[in-house]
Amino acid sequence: MKRIAVAALGAALICTAPGMAQSSDTPVTNRDTPGLPDYLVPVDQALPGGLMNDPTDMSWTHYGDALSSEFIVDESYPGGGAAMRMVMSDSGEIHDGGMNIPLLGKVDRGDRITIGFFARMIETSSDDGLAKVGVRFQQNVDPYPGFGEKVVDVAQGWGWYEVTAIADRNIRRDGIVALQFGLTEQTVEIGQVVVVSGTRTIAG
């Protein structure tokens, strides 16, 4: 299993994600997630909202005939010293290649769900020179109902990226956040990923 350390994760995010400060008028719900494994409880308590994924686990499933992945370990990488290198060798529909980050808790209609992740572009064929990463909150069961679709432009050099959305449905099981790469031929590295509920931003 591909795992990374999460010691002082909340503090690490604050230090390594400049420009993501949460304004004083941003509503935040203190909603520690029940049922988390013991090693994630301190992380849940340090972060705003309620933790919805395991930030130490990078054993994400991926799909798509044109998508390949490689687990990279490098102590210089932010947020844990590791990343998944995703190589998309063809372009087409955004969902032609992607990976799934499982959610540990249920989603209620009206919940605010936010994902934050470290990423950098290695190579891209897009006209603007930016990698294209689609984000979608969804249930991983056919017909894959979801919400919050957004395409994130990822630049060269490590950055912290966030997407937030209000759930328009309940997801009681098989909840995931899909990161999708199919729009263009590209190589992108995805580092540590954090998903929370109850707040519109993670790093402050």
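Mentor: A salt bridge is a side-chain nitrogen of Lys or Arg within 4 Å of a carboxyl oxygen of Asp or Glu. This is a predicted model, in which local features need pLDDT of at least 70, side-chain atom pairs count only at pLDDT 80 or more, and totals for chains, interfaces and linings use all residues. Residues are numbered from 1 along each chain as its sequence is written, and side-chain values use heavy atoms, with hydrogens and water left out.

Trainee: How many salt bridges does the structure hold?

Mentor: One of them joins Asp128 to Lys132, with N to O at 2.6 Å. Counted over the structure, the salt bridges number nine.

Trainee: Glu189 lies in a strand and so does Arg85; how many residues apart in sequence are the parts that this pair ties together?

Mentor: Helices (H or I, at least four residues) and strands (E, at least two) are DSSP runs numbered from the N terminus. Glu189 and Arg85 form a salt bridge whose closest N and O atoms are 2.5 Å apart. Glu189 belongs to strand β11 and Arg85 to strand β4, so the separation in sequence is 104 residues.

Trainee: Is Glu189 buried or exposed?

Mentor: Buried means under 20% relative accessible area and exposed over 50%, with partly exposed in between (1.4 Å probe, protein chains only). Its partner Arg85, at 25%, is partly exposed. Glu189 has a relative accessible area of 0%, so the word for Glu189 is buried.

Trainee: Which residue is linked with Arg85 and Glu189 in a network of salt bridges?

Mentor: The Glu189 to Arg85 pair has been described above, at 2.5 Å. The network also takes in Arg120.

Trainee: In which loop does Asp108 lie, the partner of Arg172?

Mentor: Arg172 and Asp108 form a salt bridge, with the closest N and O atoms 2.7 Å apart. Arg172 is in the loop between β9 and β10, so the pair ties together parts 64 residues apart in sequence, and Asp108 is in the loop between β5 and β6.

Trainee: Which element gives the most residues to the largest nonpolar core?

Mentor: A nonpolar core is a set of buried Ala, Val, Leu, Ile, Met, Phe, Trp, Tyr and Cys residues joined through side-chain atoms within 4.5 Å. The largest one has 38 residues, and Ile115, Phe117, Leu179, Phe181 and Ile190 touch the most other members. Elements giving two or more residues include β4 (82-88), β7 (131-139) and β11 (186-197). The top contributor, with five residues, is β6.

Trainee: Which residues does Thr187 touch, not counting those up to four places away in sequence?

Mentor: Thr187 is placed in strand β11 and is buried at 11% relative accessibility. Contact means heavy atoms within 4.5 Å. On that basis Thr187 touches Arg85, Met86, Val87, Arg120, Met121, Ile122 and Glu123.

Trainee: Which strands stand at the edges of the open sheet?

Mentor: Two strands pair if DSSP finds at least two bridges between them. Five strands form the sheet, antiparallel, in the order β2-β5-β10-β7-β8. A strand with a single partner has one side left without a neighbour in the sheet, so the edge strands are β2 (61-63) and β8.

Trainee: What is the bridge partner of Tyr63 in β5?

Mentor: β2 and β5 pair in the antiparallel sense over three bridges. One bridge takes Tyr63 to Gly98.

Trainee: At what distance does the side chain of Asn53 reach the backbone nitrogen of Val195?

Mentor: Asn53 lies in the loop between β1 (50-51) and β2, and counts as buried at 1% relative accessibility. The side chain of Asn53 also reaches the backbone oxygen of Val193, at 3.0 Å. For the backbone nitrogen of Val195 the distance is 2.8 Å.

Trainee: What is omega for the peptide bond that joins Asp142 and Pro143?

Mentor: Most residues other than glycine have a negative phi, and most peptide bonds are trans. Pro143 is in the loop between β7 and β8, as is Tyr144. Tyr144 has a positive phi of about 60° although it is not a glycine. The bond between Asp142 and Pro143 is cis, with omega about 15°.

Technical notes
A polar contact is a pair of N or O atoms within 3.5 Å; within protein, one must be able to donate a hydrogen and the other to accept it, and residues adjacent in sequence count only if both atoms are side-chain atoms.
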